[in-house]
Amino acid sequence: MGEFILKMPDVGEGVAEAELVEWHVKPGDPVREDMVLAAVMTDKATVEIPSPVSGKVLWLGAEVGDTVAVKAPLVRIETAAATGEPPPDSIPEALAEEVLEEPVAVSAPPAPKAPPKPERIETGPAPTGAPPARDMSKKPLASPAVRLRAKDSGIDLRQVTGTGPAGRITHDDLDLFLSRGAQPAPAITGLVRKTAVEEIKVTGLRRRIAEKMTLSTSRIPHITYVEEMDMTALEDLRAMMNRDRKPDQPKLTVLPFLMRALVKTIAEQPGVNATFDDGAGIIHRHAAVHIGIATQTPAGLTVPVVRHAEARGIWDCAAELNRLADAARTGTATRDELTGSTITISSLGALGGIASTPVINHPEVAIVGVNKIAIRPVWDGTQFVPRKIMNLSSSFDHRVIDGWDAATFVQRLKTLLETPALIFVEG
């Protein structure tokens, strides 16, 4: 028998540690080669750690929620190899593990103890003084005076044991019930007080979200600007393009149009497509437009990144958007697909709402929030007409973006979205 120590692998370039978010095994479990032992998370990307060997789990080196350094011992596995060395071909190079040279003595499990001989239990006659069990659906027996006292004290008499004839509740029974610290029964509404408190440890993706939001709101002074946009023309265009799309083209939502509008606006106002290193006092303006898309997944909020939106047409934006959203929702998005955005879109459109306060994705300086499109009456100068209206709620880092520049940026987006043909004009 041998022993194999699996160490925390290098899960990404420049990553020194990762958070353990899930164990798939426990001590004593048999494992086989390539079986997933655990899952770790870094930058919201989940990485599964397989076993390089077969054997039995002896020890786990961390608990869920712990941060584990790269190369730290993670799992000890008892192997059947005489020297304790796993087959060389079965060990990935990335998983730098340690093999003990000396076999480890394994003590035989203690012999099971014989079950204790059951002792005879003397049973006596059933107590005669115990009150009979009460049918809770029936009204308990009690005098009017006892009922009045119980009512004044907020006591449900069905909870009180009666020692009088036929289980009648006496004043003494009521006094005894009160002396035991009984809680007043809920009123006639039948509602029950609930005092339980459930403690939920914040781990995994939820902890990453909490840390990110805390960082953003504590470091960035936000200014939020909300503008109403008439999306009627864009919705008509979108419906026509979806109707005429090719079989290999994805269905268009509003987001690809907004992405292309962002690219055109950023070309005129490059200051919003930036990241701010406030420690060094340097603003990095990016020529590439890497758009983060805030995406709700079963595990929580993630932000996959559509890279180089400036080089993608509207259909390409839609296809990449769908691919990344699926990867994020299935937990298969890589670390590279979840990092490196230069500006972010947040969308709560499907849930409605007039406005929102999107939180900037640190260290970016701007985020655009999409609200729901709704048909509203709009005065055209002579009459009210139904129009498809949507609000954009956009936040900016006020250290970098002045209010005037923020408003100019949003107004340019408004022009493009309300006249969608301009989105496709070159130059």
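This passage describes a helix pair, a strand with its partners, and one glycine in a predicted model.

Helix 1 spans residues 144-153 and helix 2 spans residues 171-179. The two helices pack with their axes 10 Å apart. The angle between them is about 20 degrees. Helix 1 is therefore roughly parallel to helix 2, because angles under 35 degrees count as roughly parallel. The crossing of the two helices is right-handed.

Nine named positions build this contact, and they fall into two sets. From helix 1 come Ala145, Val146, Arg149, Ala150 and Ser153. From helix 2 come His171, Leu174, Asp175 and Leu178. By character, the residues of the contact divide into five nonpolar, two polar and two charged.

Attention now turns to strand 13. This strand covers residues 291-297. Strand 13 is mostly covered, with five of its seven residues buried. Strand 13 pairs with strand 14, strand 15 and strand 16.

The pairing with strand 16 (residues 343-347) is parallel and rests on four bridges. Within this pairing, Ile293 has Ile345 of strand 16 as its bridge partner. The pairing with strand 15 (residues 305-306) runs antiparallel. Two bridges join strand 15 to strand 13. Here Gly292 is matched with Val305.

Strand 14 (residues 300-302) also pairs with strand 13 in the antiparallel sense, over three bridges. Strand 13 and strand 14 form a hairpin, with two residues between them. In this pairing, Thr297 stands opposite Gly300 of strand 14.

Gly300 links the hairpin to a separate part of the sequence. This residue is found in strand 14. Its relative accessible area is 2%. Gly300 is therefore buried, because buried means under 20% relative accessible area. Leu205 lies 95 residues from Gly300 in sequence. In space, the C-alpha atoms of Gly300 and Leu205 are 6.5 Å apart. Leu205 is also one of the residues that Gly300 touches. Beyond residues up to four places away in sequence, the contacts of Gly300 are Leu205, Arg206, Ile209 and Thr295. Among them, Thr295 belongs to the residue range of strand 13.

Technical notes: Residues are numbered from 1 along each chain as its sequence is written. This is a predicted model: local features need pLDDT of at least 70, side-chain atom pairs count only at pLDDT 80 or more; totals for chains, interfaces and linings use all residues. Side-chain values use heavy atoms; hydrogens and water are left out. Axes are lines fitted to C-alpha atoms, for helices over the stretch in contact, and angles run from 0 to 180 degrees between N-to-C directions. Angles under 35 degrees count as roughly parallel, over 145 as roughly antiparallel, 65 to 115 as roughly perpendicular and the rest as oblique. A crossing is left-handed if the near helix is turned anticlockwise from the far one by less than a right angle, and right-handed if clockwise. Contact means heavy atoms within 4.5 Å. Ala, Val, Leu, Ile, Met, Phe, Trp, Tyr, Cys and Pro count as nonpolar, Asp, Glu, Lys and Arg as charged, and the others, Gly among them, as polar. Buried means under 20% relative accessible area, exposed over 50%, partly exposed in between (1.4 Å probe, protein chains only). Two strands pair if DSSP finds at least two bridges between them.
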